[in-house]
Amino acid sequence: MKPTLTFLLLGLVLAVMQAARAQDETLNVPKSIEAGRAFSIQNPGSGEAILYIVGPGQVLKRTVQLGTSTSFPAGSVCNAGHYVVILAQASGTTAQSFDVTPANAPASLSFFAKPSRLPVGLHDGITGAVYVFDVYHNLIAAPTPVSFELSSPSGAVQRQLVSTHGGAAWTEMDSTSQQGSSKFVARAGDVSSARIISQVPGDPCDLKISAQPSGKELDLQTAPVRDCSGNAVPDGTIVTFTETYPGGQSTVDVPLKRDIAEVKMPPHDGATFTVASGVVLGNQIRWGK
Amino acid sequence: MNKGGLLALSLAVATVLLIVIGCVWPVEAARPFIIQKTVFTSSSTPEEAVQKLGQEIQAHDWQKAYDTFANKAQFTEQEFELDLTGYTTNLRSYSTLDHFSVWPLHASEDEADVRLELDWATVVGNAVDSRDLQVVRNGNQWNVNWPYTKQPTVPPQVIPVNYLRWDVIYRGSGDDWGAQDVDAPSVRIVDMHPVQRADGVLVMGELINDDVVPAYVSVSATLQRKDKSAIATEGSFDEISHVLLPKQVTPFLIRFPDAQLSDVDSINMKPFAILVPASADPVIEIDNQKFNPAPNASLTGQLVNQSGQVVNVAHVVGTLYDKTGQLVWVADQYVDSALLPQTPVAFNVPIPEDIAKNVSSERTVVSTFSFGGAL
């Protein structure tokens, strides 16, 4: 059954191609047109026929008078790709094909910026990839210049100009040494797309605590906690205070609040207070004898 | 009688017989669903009096238990019930008494000390509550002096809380496919150590939230043979502190029952993290944390809720290190009473005796859950 069907379809295609070859000189179809542009097709012969245009995701059907030209207004054919024109009349079928290419002017960008959040001072830590589309959302395959721009919170700007390959352009950029939100913009022609990259402080650097008696307890407080580039470590970061004394230990995980972590702990004679945040250790204080 | 009638009669007899057997010797799983009848009706010895009390607690017969107390003038029946089930919603509020044990400690003519160990079945496993009871003679009867623990009261006050809270807005479903989304938190395993135990292989370690946002974390591990084929894959389940604030470190323990470390060539560790809304509050202080060596090795201490919010369930996860700083054990325990503001609650995490001799230092983390609140 399958081979029979295959031969039948093959025969049909060959017949259409044969008929098309015979009519090549007469059916006047443009070789390629830009997506969305108006165009016309010259129909040979006389009488009435039906003209089909079959393309990606789209079929057009027109009843035409042979010997005249059929016009298609702007916006009739929008999807880029290969189209087949079939002219069906009583005497037979004529076929021809043409290509619809994306419009040259970029109209929209799909911009992938990764990651949305990263530590400061990371080489090639930020990646951006852009796909350039025309007004009908066709990927513009022709090389198109794309500029990438990363504005840091300090106002410094990193720029790179890249040409698309097969519709895509990509780049890598360094995160700056200053924390804050950076604007990452990709631009092609008159269109641009922006993403926000959050540059966050690294691990705490030089973690220091001091102790002050406060009633029956001891008030332990860190100095403002900063990373090695001088950025304030964000509030909510956990700082662990540990008091070790003969026969016991007390621990409190305290979140940073306004750059400092503060806790009250019972002072045991001969106790040692230490501080840590993640894998970073700070100074230690001995209390009493 | 015809054959059908005989069959019906035998089925009825068998059904009645099975019901009787089921009620008299119930399986453990069915015990909570049976209306408990007190078996010990007399209190002619101190042990019998405590046994009877245990049965009444198991049957939730608070009134009967309360009526037998020698010191019932000191508290009400409701206070007795709340003393056992908790004044504030906690793990014990939804538990049943699975079983109990009685040990005589000391006895004289008119007075005796008896230990009553209550094993409560909670949603996270068994919780043991041990009470030393004084039992006094009253004529031919013995009555228990219930060691009533008065509910700690927190003075009326306003505690301002201005710790950070993180909320998350993810990209919308209608956004363009290239639209930006928030990335998952960056987490890292900083320590990993497999050990062979009698019941299988244990993989323990520590995980840090390297990011500046809170993370919900878990860890899974796959034991692999030399040819990289998988022996087994397991997760840390609840032997980990799941919500990690920025730069917070949690221990984890993964159990591989019946596995042999000698069969393992490599272990593939997979930390998992997602961004979740969280609050830096409540802050829990772990006070008087102490490792108690064998016998009865344990990690003990007190949890002090420094915030104003009541913590209904607290989970203590302890990490134990040897003198070189190498991780030797991870142990955990759920605290079965609520943490009221500024009110210390004791915890006691048992440690295996063979591990205890190697322990040199410890670190404890606490994760909390408040009903009606966020994690």
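I started with how contacts in chain B are spread along the sequence. Counting the ones between residues at least 6 apart, I found that 64% join residues at least 24 apart. A note to self before going on: this is a predicted model.

Staying with chain B, I looked up its helices and strands, and got five helices and 19 strands. Next came burial: chain B has 375 residues, and 32% of them count as buried. I also checked the extent of the C-alpha trace of chain B, which spans about 80 × 70 × 55 Å along its principal axes.

Then I turned to where the two chains meet. How many residues does each chain put into the contact? Chain A gives 27 residues and chain B gives 29 residues. On the chain A side, I asked which elements give two or more residues, and three strands came up: S8 (108–114), S15 (191–200) and S21 (248–255). The largest share of that side comes from S21(A), with eight residues. I sorted the side of chain A that touches chain B by class too, and noted 11 nonpolar, 11 polar and five charged residues.

S21(A) seemed worth another look. What does S21(A) pair with in chain B? Its partner is strand S14 of chain B, residues 284–292, and the two run in the antiparallel sense over three bridges. For one residue to find on screen, I picked Gln249(A): its bridge partner in S14(B) is Gln289(B).

So much for today's page. The thing I'd show a newcomer is S21(A), which gives eight residues to the side of chain A that touches chain B and also pairs with S14(B).

Conventions
Residues are numbered from 1 along each chain as its sequence is written. Chains are lettered from A and ligands numbered from 1 in the order in which they are written. This is a predicted model: local features need pLDDT of at least 70, side-chain atom pairs count only at pLDDT 80 or more; totals for chains, interfaces and linings use all residues. Two residues are in contact if their C-beta atoms, placed from the backbone, lie within 7 Å. Helices (H or I, at least four residues) and strands (E, at least two) are DSSP runs, numbered from the N terminus. Ala, Val, Leu, Ile, Met, Phe, Trp, Tyr, Cys and Pro count as nonpolar, Asp, Glu, Lys and Arg as charged, and the others, Gly among them, as polar. Two strands pair if DSSP finds at least two bridges between them. A residue is buried if 20 or more other C-beta atoms lie within 10 Å of its own, exposed if 12 or fewer, and partly exposed in between; C-beta atoms are placed from the backbone.
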